[in-house]
Amino acid sequence: MRIVHFLLHVPKCAGTTVEAHFRKHLGARFMIAPRWESPMRNFIGNRYPGLSPQAMADIAVVSGHSVSANMEALFPGAEIRASVLLRDPLGHLLSFYNYRWTRYADGQGPEPPSFDDWYDAQRRNQISRFLLNRYFGQAVPALYRLSSQGRLRFLEARLAQFFYVGSYKHVGEMCAEISRELGIPDTVESENVTQSRKVSKEDLPSSLREQIAHENALDQCLYDRWKDRKWSGAPSGEAPPLAALDQLGYVLGDIATGLRKKIIQG
């Protein structure tokens, strides 16, 4: 049976390392899923109108920010093996901030905001939102029907069917195993797209670290339970109680952070 790997590229979760490795060793058998440039993408999820099963006949690995479960239709009869790397919310946010603003280390571009101000303009629980919206097609308004508790249940039921789920720290192990299956070199070189750091967790006051953990409890829970699951099995530990009626909070929070982002241009 034909096997095709879907390697989800959650931002700031070692996806650049994954893509560089398989692009280098698979060539034309590797592809980055294209983004559908349509306003409908925000309502029905990503679609791939320019692709056909015939055009995908030789593809062994698909990655990118826009890979989604909808792509399965392009591989009729194939076994789809989906894998994803996760990250804790504090580490994710710090990496995102440093990536965004170290590009102006030479003095070019706008003056970076403080981490505190920048964080106030970021959506909460970005990783779980990314998975729900980009891969599983829970676009607006369906996304806002789910509370934090509902989002966790939705994601865990589906991640249980994934080929691999684990921490971004396990990127080498995941890529090596898939590479051996594909018959390509299994030595993985790290591709760190952020060359320097403006802020580390030690620079943040404990009150802000605690605030981030509290406001991103869903992503923290997802990471804690799935970071060491790897190839098979269930998540570890008991899921903590998450809010079951906070849908309106997500709506209002996304509106507020969107307005703040326009102000700081972050």
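Start by selecting Val-62 in this predicted model. Beyond its neighbours within four places in sequence, Val-62 is in contact with Val-4, His-5, Phe-6, Leu-7, Met-31, Ala-33, Val-67, Met-71 and Phe-75. Val-62 belongs to the largest nonpolar core, which has 57 residues. Add Phe-6 and Phe-22 to the selection: together with Val-62, they touch the most other members of that core. In soluble globular proteins, nonpolar side chains tend to be buried together.

Next, select Tyr-97, Tyr-119, Leu-204 and Leu-208. These are among the 12 residues of another core, which lies apart from the largest one.

**Helix α7**

Now select residues 171-182, which form helix α7. Its end C-alpha atoms are 16 Å apart, and this agrees with the 16 Å that 12 residues should span at 1.5 Å a residue. Which residues of α7 are buried? Colour Val-171, Met-174, Cys-175, Ala-176, Ile-178, Ser-179 and Leu-182 to see them. An α-helix has 3.6 residues a turn, so residues three or four places apart point the same way. To see what covers the buried residues of α7, show β1, α1, β3 (61-64), β4 and β5 (164-167), which are included in that cover. Then step past the end of the helix to Gly-183, which follows α7 and has a positive phi, near 75°.

**The largest cavity**

Return to Met-174, a buried residue of α7, since the next stop includes Met-174 too. The structure holds 3 cavities of 30 Å³ or more, and the largest contains about 60 Å³ of space. To display its lining, select Met-174 along with Leu-7, Leu-8, His-9, Val-10, Cys-13, Gly-15, Val-18, Ser-63, Ser-83, Val-84 and Leu-85. The elements that give two or more residues to this lining are β1 (3-8), α1 (15-26) and β4 (79-86). Which element gives the largest share? That is β4, with 3 residues. Coloured by type, the lining shows 8 nonpolar residues, 4 polar residues and no charged ones.

**Pro-11**

For the last stop, select Pro-11, in the loop between β1 and α1. Is Pro-11 buried or partly exposed? Its relative accessibility is 23%, so Pro-11 counts as partly exposed. Leaving aside neighbours within four places in sequence, the contacts of Pro-11 are His-65, His-92 and Phe-130. Finally, draw a C-alpha to C-alpha distance from Pro-11 to Ser-95: the two are 84 residues apart in sequence and 9.4 Å apart in space.

Definitions and conventions:
Residues numbered from 1 in each chain as written. Predicted model: local features only at pLDDT ≥ 70, side-chain atom pairs only at ≥ 80, totals over all residues. Heavy atoms only, no water. 1 Å grid on protein atoms, 1.4 Å probe; cavity = no way out; pocket = protein on both sides within 12 Å on 5 of 7 lines; lining within 4 Å. Points joined across faces, edges and corners; volume = space filled by probe spheres on them. Helix = DSSP H or I, 4+ residues; strand = E, 2+ residues; numbered from the N terminus. Nonpolar A, V, L, I, M, F, W, Y, C, P; charged D, E, K, R; others polar. Buried < 20%, exposed > 50% of the residue type's maximum accessible area, 1.4 Å probe, protein only. Contact = heavy atoms within 4.5 Å. Core = buried A, V, L, I, M, F, W, Y, C linked by side-chain atoms within 4.5 Å. Expected span 1.5 Å × (residues − 1).
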